[in-house]
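Below is a short report on one protein chain. Please keep the sequence and the model at hand while reading.

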Amino acid sequence: MSDNQKNARNKKVLYGIIALLGVVIIVLGIYVYNLSNRSTTTIVTAPTKSASSEKASSSTQKYVAGKDYKITYSNTNLISKEQINKALGANYLNDINSLMSTKKPSGLDMAKIEVYYNKDKNLLVENLFKNGHSTNEATTSVVYDLKNNQIVNSGVNYDTNYQPSWLVYTWERLTK
């Protein structure tokens with residue numbers, strides 16, 4: 001094979017590599033262009049106006065943990081957060097909007113919720129404190145049976161057999 005033939009073959013290989021690189025660059029260019037010009041849809045909802053003067057501290061009208069309310073779990077070595085939240089969900093006490101709302105009939109207008117765990121009977125006693133209530137006593141109590149996953153008693157007075165022992169959850173309103 002002569003030098004001219006080798007040079008001609010090397011030129012063909014070089015041109016082939018350049019052509020391949022050109023194709024790769026074009027494909028990458030198209031890919032980057034498509035990424036940067038993808039169409040996106042943004043849904044913007046306007047806040048609803050209410051006759052009430054109640055407002056959340058955030059601009060989106062959603063309540064913010066640490067600003068509008070505070071949740072504290074304690075004694076989690078006795079009972080899991082999941083079990084507590086499941087029991088609270090049984091009577092809609094994990095819906096922050098409902099707890100904070102003063103609107104009737106769906107607004108609960110709570111100031112505080114305390115949940116106690118009776119380990120011997122495997123019960124949660126949920127003490128609910130409404131805003132504006134004059135004493136430091138719960139306005140309503142709900143007893144939840146963890147074994148059967150059901151509410152067994154609710155109202156202002158509950159049987160002393162359900163007397164709680166360990167505080168495991170507290171929800172408190174921070175804004176007025």
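The report covers confidence, overall layout, the sheet, the core and two loop residues.

## Model and confidence

This is a predicted model. The mean pLDDT of the chain is 77, and 74% of the residues reach 70 or more. Among the helices and strands, confidence is highest in strand 1, with a mean of 93, and lowest in helix 1 (residues 3-36), with a mean of 75.

Residues 38-60 have a pLDDT below 50. Beyond near neighbours in sequence, this stretch has 16 contacts in the model. Where pLDDT is low, predicted coordinates should not be read in detail.

## Overall layout

The chain has 3 helices and 6 strands. Along the sequence they follow the pattern α-β-α-α-β-β-β-β-β. Of the 176 residues in the chain, 26% are buried. The accessible surface comes to about 12,500 Å², and carbon and sulfur atoms account for 54% of that area.

Contacts with a separation of 6 or more can also be sorted by distance along the sequence: 52% of them link residues 24 or more positions apart.

## The sheet

The 6 strands form an open sheet in the order 1-6-2-3-4-5, with antiparallel pairing. Strand 1 and strand 5 (150-155) each have a single partner strand, so one side of each is left without a neighbour in the sheet. On average, neighbouring strands are turned by 15° against each other, direction ignored. Helix 2 (residues 81-90) packs on this sheet and touches strand 1, strand 2, strand 3 (123-130), strand 4 (140-145), strand 5 and strand 6. The direction of helix 2 makes about 55° with that of strand 3.

The pairings can be followed across the sheet. Strand 1 (residues 69-73) and strand 6 (residues 166-173) run antiparallel and are joined by 5 bridges; here Tyr 73 stands opposite Tyr 169. On strand 2 (residues 110-118), 6 bridges lead to strand 6, again antiparallel. Within that pairing, Lys 112 stands opposite Glu 172, and Ile 113 is set opposite Trp 171.

## Strand 3 and its partners

Strand 3 is mostly covered, with 7 of its 8 residues buried. It is joined to strand 2 by 8 bridges and to strand 4 by 6 bridges. Both pairings are antiparallel. Asn 127 of strand 3 has a partner in each of these strands: Glu 114 stands opposite Asn 127 on the strand 2 side, while Ser 141 is the bridge partner of Asn 127 in strand 4.

## The nonpolar core

Which residues have the most contacts inside the largest nonpolar core? They are Ile 113, Leu 124, Val 168, Tyr 169 and Trp 171, in a core of 22 residues. Helix 2, helix 3 (96-100), strand 2, strand 3, strand 4 and strand 6 each supply at least two residues of this core. Strand 2 gives the most, with 4 residues. In soluble globular proteins, nonpolar side chains tend to be buried together.

Ile 113 shows how the parts meet. Leaving out residues up to four places away in sequence, Ile 113 touches Leu 93, Leu 99, Asn 127, Leu 128, Tyr 169, Thr 170 and Trp 171. Two of these contacts, Tyr 169 and Trp 171, are also listed with Ile 113 among the core residues that have the most contacts.

## Two loop residues with positive phi

Asn 75 has a phi near 55°, a positive value in a residue other than glycine. This asparagine is found in the loop between strand 1 and helix 2. Is Asn 75 buried, exposed or partly exposed? With a relative accessible area of 29%, Asn 75 is partly exposed, because values between 20% and 50% fall in that class.

Asn 122 has a positive phi of about 55° and is not a glycine either. Its place is in the loop between strand 2 and strand 3. These two strands form a hairpin with 4 residues between them, and Asn 122 is in the turn. The relative accessible area of Asn 122 is 26%, so this residue too counts as partly exposed.

Key
Residues numbered from 1 in each chain as written. Predicted model: local features only at pLDDT ≥ 70, side-chain atom pairs only at ≥ 80, totals over all residues. Heavy atoms only, no water. Pairing = 2+ DSSP bridges. Axes fitted to C-alpha atoms, helices over the stretch in contact; angles between N-to-C directions. Contact = heavy atoms within 4.5 Å. Core = buried A, V, L, I, M, F, W, Y, C linked by side-chain atoms within 4.5 Å. Buried < 20%, exposed > 50% of the residue type's maximum accessible area, 1.4 Å probe, protein only. Areas by Shrake-Rupley, 256 points an atom, 1.4 Å probe, with all protein chains shown as cover. pLDDT = per-residue confidence, 0-100.
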